[in-house]
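Reader: I would like a close look at one part of this model, namely how its helices are packed against one another. Please take the contacts one at a time and then place them in the rest of the chain.

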Amino acid sequence: MVGACTKTINLVTSYLKMRNFHKHGYLKYYNFKRIIWYITQESDPLKVRAIFQKLLDLDIIHKKQLMVGKKKGGLRYFFNPYEEKMLDFQYIKK
């Protein structure tokens with residue numbers, strides 16, 4: 001698998017759907033990086049990041065900025081390829 005082609009994106013999305021990854025809530029980039037690496041066996045971190053960025057651009061993964069008091073905290077990401085209405089979790093809403 002090379003880069004963020006449509007075939008790779010479909011493979012990653014199908015695997016995450018099969019594993020019900022949307023139930024894990026908001027996760028760090030590290031967790032998604034390890035899963036993408038496992039699925040694609042891609043050793044180049046730039047290609048893994050390109051796949052992740054493509055998932056963000058397609059709104060399959062959503063980004064959330066955490067706040068610690070009034071300061072910005074880390075970023076967390078949420079896998080949601082479905083309509084928000086289909087999921088009955090309260091913490092999904094942006």
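Reader: In which hand, left or right, does α2 pass α3 in their crossing?

Author: The model is a predicted one, and in it α2 passes α3 in a right-handed crossing. Helix α2 covers residues 29-40 and helix α3 covers residues 45-57, and their axes, which come within 10 Å, cross at roughly 110°. Angles of 65 to 115 degrees count as roughly perpendicular, and α2 and α3 are therefore placed roughly perpendicular to each other. On the α2 side the contact is formed by Y29, F32, K33, I36 and T40, and these meet V48, R49, I51, F52 and L55 on the α3 side. Sorted by class, the residues of this contact comprise seven nonpolar, one polar and two charged.

Y29, which lies in helix α2, can be followed a little further. Once its neighbours within four places in sequence are set aside, Y29 is in contact with V48, R49 and F52, and also with Y77. Although Y29 and F52 are 23 residues apart along the chain, their C-alpha atoms are separated by 8.7 Å. The contact with Y77 leads from the helices to strand β2, which spans residues 71-79.

That strand is paired with strand β1, residues 61-68, to which it runs antiparallel, and seven bridges join the two. Within this pairing Q65 stands opposite L75 of β2, while M67 has K72 of β2 opposite. The two strands form a hairpin in which two residues lie between them, and G69, in the turn, has a positive phi of about 70°.

To return to the helices, α3 also has a contact with helix α1, which is made up of residues 6-18, and the axes of these two come within 10 Å and cross at roughly 75°. This angle, too, means that α1 and α3 are roughly perpendicular to each other. Their contact is made by T8, I9, V12 and T13 from α1, together with I51, K54 and L55 from α3. By class, these are four nonpolar, two polar and one charged residues. I51 and L55 appear as well among the α3 residues that meet α2.

The remaining pair is α1 and α2, whose axes come within 10 Å and cross at roughly 115°. That angle makes α1 roughly perpendicular to α2, and the crossing of α1 and α2 is right-handed. Here T8, L11, V12, Y15 and L16 of α1 meet I35, I36, Y38, I39 and T40 of α2. The residues of this contact divide into eight nonpolar and two polar, with no charged ones. T8 and V12 are also found among the α1 residues that take part in the contact with α3, and I36 and T40 likewise belong to the α2 residues that meet α3.

How far the predictor's confidence supports this picture should be considered as well. The mean pLDDT of the protein is 84, and 84% of its residues reach 70 or more. Confidence is highest in α2, at 94, and lowest in β1, at a mean of 86. Over residues 86-94, by contrast, pLDDT stays under 50, and for this stretch the model has 18 contacts beyond four places in sequence.

Methods
Residues numbered from 1 in each chain as written. Predicted model: local features only at pLDDT ≥ 70, side-chain atom pairs only at ≥ 80, totals over all residues. Heavy atoms only, no water. Axes fitted to C-alpha atoms, helices over the stretch in contact; angles between N-to-C directions. Helix = DSSP H or I, 4+ residues; strand = E, 2+ residues; numbered from the N terminus. Parallel < 35°, antiparallel > 145°, perpendicular 65-115°, else oblique. Left-handed = near helix turned anticlockwise from the far one by under 90°. Contact = heavy atoms within 4.5 Å. Nonpolar A, V, L, I, M, F, W, Y, C, P; charged D, E, K, R; others polar. Pairing = 2+ DSSP bridges. pLDDT = per-residue confidence, 0-100.
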